[in-house]
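Visitor: I'm new to this and would like to know how the labels people use are justified. Could you show me the structure and take my questions?

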Amino acid sequence: MYQPHSVMGDQELPGVLILGVGGVEGVLENHVGLLKKNFHLITMKEFLENKKELSEKIKSIFIFERRPTIDRGLLESLPNLKVIANSGVGVDHLDLKLISTFGVKVTSTPQAVSDSTADTGMALMLASARRLVEGCQIAVSPDTERFAVDWLGVEVTGATLGIIGMGRIGYKVAKRAKAFDMKILYHNRKRRKEEEEQAVGAIYCKKMEDLLQQSDFVMLVVNLTPQTHRLIGKRELELMKPTATLINISRGAVVDQDALVEALQNKVIRAAALDVTYPEPLPRNHSLLKLKNIIITPHIGTATVQATCMMTEEAITNMLAVLNGLPIPSEVCPK
Amino acid sequence: MEEKELPYVLTDSIGGTHGVYLEHTEFLKKYFNLVAMKEFLENQKCFGEKIKAIYIWWQKPAVNQELLQSLPNLKVIANFGVGVDHLDLKLISSFGVKVTNTPFAVSNATADLGIALMLASSRRLVEGRQIAVSPDTEQFAADWLGEDVTGATLGIIGMGRIGYKVAKRAKAFDMKIRYHNRNRRKEEEEQAVGACYCEKMEDLLQQSDFVMLVVNLTPQTHKLIGKRELELMKPTATLINICRGPVIDQDALVEALQNKVIKAAALDVTYPEPLPRDHPLLKLKNIIITPHIGTATKHARRLMMKSMIENIFSALNGLPIPNEVFP
């Protein structure tokens, strides 16, 4: 990461604290310009080297890829902090209650993430069903002499998709799945309005068990909360059809990973496709990495040029709204 | 033995990695006496006159003059799948034999695969998966990005059954859809999937982020996409082929991918299949190749089998044939 030079003029702009720019975990370089239009950009390194002068200037924190880490020490050192804007919609890495005690608001970027994440869910479902990764390996393998005719995947069109978590992202998944003539079941804390259900042909399952028993594909699209932690464990996996596929585009900890390993090893379910795990990445000797009936992707749900740009823009909009006393588009409140 | 024998149908082989599926034979045996090529060749005198139909499973058996001459009572050749480019339709017709295919059975599975390839390519799924499992991976990089499919422009070349189903699916991703076809579709059909007709293929090539090939292979579509067409495409565009390998000039494609004339390609079909193991396409980073799996689902293959039975049964019993293919 490098430290961008501050410009004299932006001393009047409100200060936004970021971890850093570029590299593996910094704010994307071509987003820096977006931030600098409205803020005085201060990196963690700059802040730590000059706490006296900078601590009072920082009115906001822009969190990218879960960094910087927000703890009591940091909150105490920023007396004028008004808002923490998270890039992304999951806020399970933030202690909302703690932050709230400092009178600081938290915002997320639900609009920016939904299409890309829904697309990822569809990509994983299709790739798993049609054995795309295996197929690619066969197509290029030095040992391949002929393509076997009895090498088959399972059909997506007309199959039953069970969506657990029907928020913005889950709903967009349903919309896409409908175009594949999938039968759509969903389970959610709250039932959606009838018109919304009809628009995507989704049937509400009050009991998650009913969804699990009827679905060919189960997709997890919930927030990670204490209630959804290990939502899918041994019992739930056993309720699923042995021909079913589990797809996770929410958070790793929604699934009991040890139970999943066992279920996949014993063919309790057919396969899994995970964009998220805990931790990320998995330890290199983790059992999940050795299984044949699994696809894992490196948390790429929003990893597109377009989505990341929209996330930064949405975060900026939220930060400015808080600082200017305007209605906040996407505030996240502690429960 | 029954009073009236079931008709004799020739197929290449039964079981194994390339033959008619054993689980299908139970069903097939209700309608036909299946004779494998090996059996036939060992006993041509006995079977030659009895065989009324050929059941082609994955382009086998090959139908040539010799085979046609040895089957004097052959009425129909039922093809697996919709593509008949491996059959000499004129030759077969000259023997008074009908040809059928299975267009309905293949369309959903093939359209699904087209979308799967588009998503996998755009979101770098295969690469991403390698990172997720690689022994060298320590952290996931935040600056590793793909491109959105939602909202992008998809150009469909070939808007038959399969192309139309691709359009229907792509619409749900809010894609802008352009299409090029020999015949323009009816307005209601276009509107239902939000597809805009491009009379000139060049216009489609210039405007599309994803170009998907969904045509039959004919002399007119052979090398439809060559150097010129690839250069008309955006440098940020991806070419997807779910129809037949020879629709693309493969050498031109290699060059285009090497020189980043286009961004990437995703091919379910090549020529030949498989490609020779030292082929340049296998060495490129900006390509996904799958082993012709467009119809490779249990469900689709079962539908194909049933469709073929129906086609043969109709042809042998003088009924209207659901899916006849004419030269």
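Visitor: Why is the pair Asp181(A) and Lys168(B) called a salt bridge?
Guide: The rule asks for a side-chain nitrogen of Lys or Arg within 4 Å of a carboxyl oxygen of Asp or Glu. In this predicted model, the closest N and O atoms of Asp181(A) and Lys168(B) are 2.9 Å apart, so the pair fits the rule. Across the interface of chain B and chain A, the rule finds two salt bridges.

Visitor: Which elements of chain B give two or more residues to the side that touches chain A?
Guide: They're α6, α7, α8 (161–171), β12 and α13 (298–316) of chain B; helices (H or I, at least four residues) and strands (E, at least two) are DSSP runs, numbered from the N terminus. α6(B) gives the most, with nine residues.

Visitor: How many residues are in contact between the chains?
Guide: 63 residues of chain B meet 64 of chain A, contact being heavy atoms within 4.5 Å.

Visitor: What makes Leu125(B) and Ala132(B) count as buried?
Guide: Buried means under 20% relative accessible area, exposed over 50%, partly exposed in between (1.4 Å probe, protein chains only). Leu125(B) and Ala132(B) are among the buried residues of helix α7(B).

Visitor: Why do the buried residues of α7(B) line one face?
Guide: Seen down the axis, they fall within an arc of 160°, taken from the directions from the helix axis to the C-beta atoms, so they line one face.

Visitor: Any ground rules?
Guide: Residues are numbered from 1 along each chain as its sequence is written, while chains are lettered from A and ligands numbered from 1 in written order. Local features need pLDDT of at least 70, side-chain atom pairs count only at pLDDT 80 or more, totals for chains, interfaces and linings use all residues, and side-chain values use heavy atoms, leaving out hydrogens and water.
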